[in-house]
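Student: I am new to this structure. Please take one part and look at it closely with me, starting from the charged side chains.

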Amino acid sequence: MAKPIKWIIVASIAIGLVFSLFTFTLFKESRGYAQYHSESLMNDTSSLIGSFQRKQEILQQIIQTRTLTQVQVDLIREDSYTLINYYEDYNRLAMNLDRYENKGYSIVEAAFVTEAVFNRKIAEIQGTDQAKIKLDNEFLEKVEFLEAFNERCLHTLGKHVRGFVITDTSMELTEEREELSKNGINEDFWVEILKRLDREAFEKQSDIESLINL
């Protein structure tokens with residue numbers, strides 16, 4: 001009986017070692033997964049904030065000068081796609097993690113409308129030697145609405161983001177920024193950003209859609 005008992009003990013120890021190694025490997029992979037996504041999240045969130053801030057400056061310039069240039073349209077398009085790419089990447093991740101899924105009007109649709117508004121307007125001088133187009137009061141009202149909507153979104157970001165302090169024109173890192181680069185994906189703030197931006201778009205849906213229907 002001694003030999004079978006001995007083999008059972010040896011087998012149990014071996015299984016325990018294999019299980020421990022497997023668990024440790026899973027832990028390392030999970031921690032590496034979280035750190036990889038967290039680092040990307042914080043970098044992408046920084047870019048997102050910067051895109052809203054730059055768009056705010058451009059929209060204010062357009063209102064002040066009452067003109068529109070191709071360069072401004074290109075920058076607005078670039079900032080819109082920073083938002084679109086951020087949303088698509090992290091909304092997909094949130095869905096995969098069962099943390100958020102929006103089935104209604106989203107901030108992405110608002111971004112596409114914003115781009116379309118300026119693309120249509122600048123098309124009026126394409127193929128001519130004009131460097132800028134003068135804007136009438138009707139179009140300026142659209143720009144003023146978009147400027148106010150963008151400001152609301154910036155305020156929403158400032159209220160719910162972590163790792164950054166946001167003003168109208170600047171962005172500062174907080175002490176927790178470094179730690180969030182390691183585990184931020186496990187926190188709720190980025191999911192809340194998606195939700196709140198979607199809510200901002202949903203609440204202004206009819207006004208946003210009217211910008212390209214007028």
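Tutor: What follows starts with the chain as a whole and then turns to its charged side chains, with Glu200 as the main stop.

This is a predicted model. The chain has 214 residues, and 39% of them count as buried. Its secondary structure comes to 7 helices and 4 strands. Along the sequence, the order is α-β-α-α-β-α-β-β-α-α-α. Keep that pattern in mind while you find the elements named below.

Now go to Glu200. Where does Glu200 sit? Find helix 6, which covers residues 189-203, and you will find Glu200 there. Is Glu200 buried or exposed? Its relative accessible area is 12%. The cut-off for buried is under 20%, so Glu200 counts as buried.

What does the side chain of Glu200 meet? One partner is Arg152, and the two form a salt bridge. Their closest N and O atoms are 2.8 Å apart. Glu200 belongs to helix 6 and Arg152 to helix 4, so this pair ties together parts that lie 48 residues apart in sequence. Helix 4 itself runs over residues 137-160. Arg152 is partly exposed, at 34% relative accessibility. Glu200, by contrast, is buried.

Glu200 also has a polar contact. Its side chain touches the side chain of Thr156 in this way, at 2.8 Å. Put together, the side chain of Glu200 has a salt bridge with Arg152 and a polar contact with Thr156.

Next, set this salt bridge among the others. How many salt bridges are there? The count comes to 12. Another of them joins the side chains of Arg99 and Asp188, at 3.0 Å from N to O. Arg99 lies in the loop between helix 2 and helix 3, and Asp188 in the loop between helix 5 and helix 6, so the pair ties together parts that are 89 residues apart in sequence. For orientation, helix 3 is 107-122 and helix 5 is 177-183. Arg99 is partly exposed, with a relative accessible area of 24%. Asp188 counts as exposed, at 55%.

A further salt bridge links Glu124 with Lys121. Here the N to O distance is 3.4 Å. Lys121 is buried, with a relative accessible area of 11%. Salt bridges can also join into a network: Arg54, Glu78 and Asp79 are linked in this way.

Now look at charges on the surface. Asp136, Glu138, Glu141 and Glu144 gather there in a patch of negative charge. Which part of the chain holds Asp136? It is the loop between strand 2, residues 132-134, and helix 4. Asp136 is partly exposed, with a relative accessible area of 39%.

One last stop is an uncharged residue. Ile84 has its place in helix 2, which spans residues 70-96. Ile84 is buried, with a relative accessible area of 2%. Ala110 is 26 residues away from Ile84 along the chain. The C-alpha atoms of Ile84 and Ala110 are separated by 9.7 Å.

To trace the main stop again, begin at Glu200 in helix 6. Go across to Arg152 for the salt bridge. Then find Thr156 for the polar contact.

Conventions:
Residues numbered from 1 in each chain as written. Predicted model: local features only at pLDDT ≥ 70, side-chain atom pairs only at ≥ 80, totals over all residues. Heavy atoms only, no water. Patch = residues over 30% accessible without salt bridge, like charges linked within 9 Å, V, L, I, M, F, W, Y side chains within 5 Å. Areas by Shrake-Rupley, 256 points an atom, 1.4 Å probe, with all protein chains shown as cover. Salt bridge = Lys/Arg side-chain N within 4 Å of Asp/Glu carboxyl O. Lys, Arg positive; Asp, Glu negative; His and termini not counted. Charge placed at Lys NZ, Arg CZ, Asp CG, Glu CD. Helix = DSSP H or I, 4+ residues; strand = E, 2+ residues; numbered from the N terminus. Buried < 20%, exposed > 50% of the residue type's maximum accessible area, 1.4 Å probe, protein only. Polar contact = N/O pair within 3.5 Å; in protein donor to acceptor, adjacent residues only side chain to side chain.
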